[in-house]
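Me: I would like a close look at a single part of this model, namely the way its helices pack against one another and the nonpolar core that goes with that packing. Please take the account step by step and keep the residues in view.

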Amino acid sequence: MGRRRRRRRVDPADAARALPEAIAALSQTLPAGPSPETFRRAKFDRPEAAPALWRLLFRVLSPQLADGASASFSPEAQVRSVKLALRTQGYPRRALAQLPDDGSQGGRELLLALAWLLARGPLPERLLTQNRVQLGDEMPVCECEALASPGPPAPSVEADGCVDIRHLQWLMGKLRFRWRNLMASQQEQCALLGKIHSYTRGCHSDRSLGHLSVTETELLRDPEGGRQLLRRLERENARLQAALEWRRRELVFWRWMDPHTRDWSVGAPGAGAAGPAGRAARGGGGPAGGLGGRGRRPWAPVERREDGLAGGRGTGPGRSAAGLRARRRLQPGPAPRAPPAGED
């Protein structure tokens, strides 16, 4: 026979801390992440949780904006930007698009939208990659020579109304002018980067590189910049540690997102999770319950039966000598034998 695996009993205090710690780790990996209490209020659709979640989704869906740049957008502009970005990515729920643009409602809908973004892909890892601290020299490759040059004419498409051809030509010329400026600025940046590499050749401790990067050159010029870089690296390491903690506790969050879940402790493994798995962990009735499906928990108190026998775990009629004697006293005697045929 196989060895019976003993189920580990979860401490109620640990179960109550599991979900807030999971949400705190998730918030630390997100830009402008709200507190776990805000998530709890959003699940109950409290209006005070909506502004924080609107700001969170705006930062998540616009990661290229800096911390100060997002403050220049009004709450109405942030709400409209979030609705447009989610509709562009194929968000299926229409209830979010019907929310008012003042950002005062929609805590539960915003929580569902955030969960949808988390379920689509590794959102924390993607945000960490986009906002990482760059120590080396990176140069984006511009592949826009076709847009900078006139090129062949576009195929004609019939329009519904009148189209101003001169206005379209002006827009295309403006676009090509901006692409040329972008290419020129990138070429100038490459030239300056090459000068730094040539002037610092042989100064790096790593012989495979042979030169200093722009960040390392700035550290030599400004020691205060080194302390700022150290603080940025410490914050990035804290976010990486939070991302690892989130992946370890992610299942607790998804159990809590069940619409039938009400408590913080629900969702922790073995602490009242919803659904059939939760009923099995609680020892609920049915074949999935604990103790072979009888639905009695191991710590259930001993109950007193009407016949005076004690019931509970490991006790009951037929399991002890006293129980057998009591059953014999309670059982009726044998029925009288019927007389043979022909006898009065």
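Reply: What follows goes from the chain as a whole to its core, then to three helix pairs, and then to some single residues around them.

The model is a predicted one, and its protein chain has a secondary structure of 13 helices and 2 strands. Of the 344 residues in the chain, 29% are buried. Among the contacts with a separation of 6 or more, 55% join residues that lie 24 or more positions apart.

In general terms, nonpolar side chains of soluble globular proteins tend to be buried together. Here the largest nonpolar core has 38 residues, and the members that touch the most other members are Leu-30, Trp-54, Leu-86, Leu-96, Leu-114, Leu-123 and Trp-256. Two or more residues of this core come from each of the helices H1 (12–29), H2 (36–43), H3 (50–61), H4 (75–88), H5, H6 (123–130) and H10, and H3 gives the most, with 8 residues. One of the core members just named, Leu-123, can be followed further: once its neighbours within four places in sequence are set aside, Leu-123 is in contact with Leu-30, Val-60, Leu-114, Leu-117, Leu-118 and Arg-247.

The helix pairs come next, and two packed helices are described by the angle between their axes and the distance between the axes. Helix H5, residues 107–120, packs with helix H10, residues 223–256, at an angle of about 135 degrees and with the axes 13 Å apart. H5 and H10 are therefore oblique to each other, and their crossing is left-handed. On the H5 side the contact involves Leu-111, Ala-115, Leu-118 and Ala-119, which meet Trp-246, Phe-253, Trp-254 and Trp-256 of H10. The residues of this contact divide into 8 nonpolar, no polar and no charged. Two of the residues in this contact have already appeared: Trp-256 is among the core members that touch the most others, and Leu-118 is one of the contacts of Leu-123.

H5 also packs with H2, at an angle of about 115 degrees and with the axes 7 Å apart. H2 and H5 are therefore roughly perpendicular to each other, and H2 passes H5 in a left-handed crossing. In this pair, Phe-39, Ala-42 and Lys-43 of H2 meet Gly-107, Arg-108, Leu-111 and Leu-114 of H5, and the residues of the contact divide into 4 nonpolar, 1 polar and 2 charged. Leu-111 thus has a part in the contact of H5 with H2 and also in the contact of H5 with H10.

H10 has a further partner in helix H9, residues 214–221, where the axes come within 5 Å and cross at roughly 125 degrees. H9 and H10 are therefore oblique to each other. The contact is made by Thr-215, Leu-219 and Arg-221 on the side of H9, and by Pro-223, Gly-225, Gly-226 and Leu-229 on the side of H10. Its residues divide into 3 nonpolar, 3 polar and 1 charged.

Some single residues complete the picture. Lys-83 is found in helix H4, and at 10% relative accessibility Lys-83 counts as buried, because the cut-off for that class is under 20%. Not counting residues up to four places away in sequence, Lys-83 touches Trp-54, Leu-96, Ala-97, Leu-99, Pro-100 and Asp-101, and of these Trp-54 and Leu-96 are among the core members that touch the most others. Pro-51 lies in helix H3 and is partly exposed, with a relative accessible area of 31%. Although Pro-51 and Leu-110 are 59 residues apart along the chain, their C-alpha atoms are separated by 9.9 Å.

Two loop residues have a positive phi without being glycine. Ala-32, in the loop between H1 and H2, has a phi near 55 degrees, and with a relative accessible area of 46% Ala-32 is partly exposed. Asp-45, placed in the loop between H2 and H3, has a positive phi of about 60 degrees, and at 39% relative accessibility Asp-45 also counts as partly exposed.

Key:
Residues numbered from 1 in each chain as written. Predicted model: local features only at pLDDT ≥ 70, side-chain atom pairs only at ≥ 80, totals over all residues. Heavy atoms only, no water. Axes fitted to C-alpha atoms, helices over the stretch in contact; angles between N-to-C directions. Helix = DSSP H or I, 4+ residues; strand = E, 2+ residues; numbered from the N terminus. Parallel < 35°, antiparallel > 145°, perpendicular 65-115°, else oblique. Left-handed = near helix turned anticlockwise from the far one by under 90°. Contact = heavy atoms within 4.5 Å. Nonpolar A, V, L, I, M, F, W, Y, C, P; charged D, E, K, R; others polar. Core = buried A, V, L, I, M, F, W, Y, C linked by side-chain atoms within 4.5 Å. Buried < 20%, exposed > 50% of the residue type's maximum accessible area, 1.4 Å probe, protein only.
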